[in-house]
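Take a first look at the chain below. The report then walks through it, from its surface to its core.

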Amino acid sequence: MRHPPLSKLPSRLPVDGYLLALVGTVALAALLPARGPAASVAEGAATGAVALLFFLYGARLSTREAMDGLRHWRLHLTVLACTFVLFPVLGLAARALVPQVLPPTLYTGLLFLCLVPSTIQSSIAFTSLARGNVAAAICAGSFSSLVGIVVTPLLAGLVLHGNGGGFSAGSLVSIVCQLLLPFLAGQLLRRWIGDRLTRHKKALGRVDRGSILLVVYAAFSAGVVQGIWHQVSAPRLLCLLGVEAVLLSVMLSATWYGSKRLGFHRADRIAITFAGSKKSLAAGLPMASVLFGAQAGLAVLPLMVFHQMQLMVCAVLAKRFAATAGPEPAVAGGAGGSPAAKAAGEAAVSGARR
């Protein structure tokens with residue numbers, strides 16, 4: 001399927017159709033939550049879906065592609081520091097907003113949001129649209145996903161203790177069995193099944209999204225049955241929206257101006273800005289279901305809100321970067337202008353809302 005040129009992308013703000021499906025799933029769980037035996041079936045199916053998701057992540061993630069980007073290690077370390085250091089620090093600082101602005105339940109979700117890895121597809125798409133270093137965005141997103149498999153649960157164990165999440169012996173076993181082992185199995189089998197998965201990328205995308213919808217339904221059903229939604233009012237949700245707008249603004253400013261102070265070229269700064277300021281809904285939802293169990297419904301609400309917000313803001317920002325760019329982006333390391341990188345960037349546009 002041929003994708004439209006980046007310059008001809010629609011100018012309207014991206015209303016994520018998949019996010020609408022997620023909202024519809026939440027509504028279904030609120031009206032018809034799984035109870036009794038049905039709840040056990042939904043929980044078991046969600047557990048299998050999480051394992052399948054991370055197996056597919058491992059099977060499709062090119063380790064060779066990630067290793068090829070090691071020569072640009074300063075950029076990748078900068079993105080990782082933004083994702084797993086600066087974001088968590090800001091999340092911990094937001095503790096001062098409890099309980100006057102945010103209730104503890106929403107704050108836990110906000111803090112979890114700060115711990116999940118960066119996106120891959122949307123970071124690539126917006127970097128390409130903004131005429132930045134696409135190869136660096138590919139590698140940075142891949143590194144973040146790889147590191148997040150291990151680091152996100154570890155950080156959750158450190159900072160979410162006493163906030164309704166974190167590690168116990170049971171959650172440690174769940175992390176290993178549902179996330180790490182399937183991911184490693186996918187990596188090991190990639191040489192035999194990687195090409196086949198690539199040929200059926202569209203169908204596998206439906207599997208990914210359907211699995212996440214199942215995880216969301218199971219998590220929100222459990223929350224409805226336990227009555228956790230009565231803990232959140234509409235004014236508190238508006239407060240959450242305002243806090244996340246500030247959080248995104250701070251991260252966009254820190255990545256853009258901070259990378260300039262570190263001496264990065266404009267194309268690299270664009271990649272750092274988009275990869276270092278965004279969070280992955282696709283990775284965060286399954287992790288939350290493992291870490292929080294029945295409390296996962298409220299825990300992922302801040303992440304769902306932030307996901308749509310970052311899409312809308314970054315779409316506008318990418319177009320502004322592209323409008324002020326020169327004829328060709330200057331890319332450190334020379335990787336950003338390769339035909340493979342450009343093709344990957346254009347292909348990622350179609351999946352940017354993941």
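## A patch on the surface

In which helix does Leu31 lie? Leu31 belongs to helix 1, which covers residues 17-31. This is a predicted model. Leu31 is exposed, and its relative accessible area is 70%. That value is over the 50% cut-off, so Leu31 counts as exposed.

Leu31 also takes part in a nonpolar surface patch. Its partners there are Leu28 and Leu32. The patch measures about 340 Å².

## The chain as a whole

Now step back to the full chain. There are 14 helices and 0 strands. Read along the sequence, the pattern is α-α-α-α-α-α-α-α-α-α-α-α-α-α.

The chain has 354 residues, and 50% of them are buried. Its accessible surface comes to about 15800 Å². Carbon and sulfur atoms hold 67% of that surface. Contacts can also be sorted by distance along the sequence. Of those with a separation of 6 or more, 88% join residues 24 or more positions apart.

## An enclosed helix

How many of the 10 residues of helix 5 are buried? The count is 8, so helix 5 (residues 104-113) is largely enclosed by the rest of the structure. The buried residues are Leu106, Tyr107, Thr108, Gly109, Leu110, Leu111, Phe112 and Leu113.

What do these buried residues pack against? Their partners are helix 4 (73-93), helix 7 (134-159), helix 10 (234-261), helix 12 (281-292) and helix 13 (296-323).

## Helix 4 against helix 7

Two packed helices are described by the angle between their axes and the distance between the axes. For helix 4 and helix 7, the axes come within 9 Å. They cross at roughly 35 degrees. The crossing is right-handed. On the helix 4 side, the contact is made by Leu75, His76, Val79, Leu80, Thr83, Phe84, Pro88 and Leu92. Helix 7 contributes residues including Ala136, Phe143, Ser144, Val147, Thr152 and Val159.

Ala81 is another residue of helix 4. Ala81 is partly exposed, with a relative accessible area of 35%. The C-alpha atoms of Ala81 and Ser144 are 10.0 Å apart. Along the chain, 63 residues separate the two.

## A buried threonine

Is Thr152 buried or exposed? Thr152, found in helix 7, is buried. Its relative accessible area is 0%. Buried means under 20%, so Thr152 meets that cut-off.

Which residues does Thr152 touch, leaving aside its neighbours within four places in sequence? Thr152 is in contact with Phe84, Phe112, Leu115, Val116, Pro117, Val147 and Met287. Phe84 is one of the helix 4 residues in the contact with helix 7. Phe112 is one of the buried residues of helix 5.

## Two backbone details

Most residues other than glycine have a negative phi, and most peptide bonds are trans. Two places in this chain depart from those rules. The peptide bond from Val98 to Pro99 is cis, with omega near 0 degrees. Pro99 sits in the loop between helix 4 and helix 5.

The second place is Arg131. Its phi is near 65 degrees, a positive value in a residue other than glycine. Arg131 lies in the loop between helix 6 (121-129) and helix 7. Arg131 is partly exposed, with a relative accessible area of 30%.

Notes: Residues numbered from 1 in each chain as written. Predicted model: local features only at pLDDT ≥ 70, side-chain atom pairs only at ≥ 80, totals over all residues. Heavy atoms only, no water. Patch = residues over 30% accessible without salt bridge, like charges linked within 9 Å, V, L, I, M, F, W, Y side chains within 5 Å. Areas by Shrake-Rupley, 256 points an atom, 1.4 Å probe, with all protein chains shown as cover. Salt bridge = Lys/Arg side-chain N within 4 Å of Asp/Glu carboxyl O. Helix = DSSP H or I, 4+ residues; strand = E, 2+ residues; numbered from the N terminus. Buried < 20%, exposed > 50% of the residue type's maximum accessible area, 1.4 Å probe, protein only. Contact = heavy atoms within 4.5 Å. Axes fitted to C-alpha atoms, helices over the stretch in contact; angles between N-to-C directions. Left-handed = near helix turned anticlockwise from the far one by under 90°.
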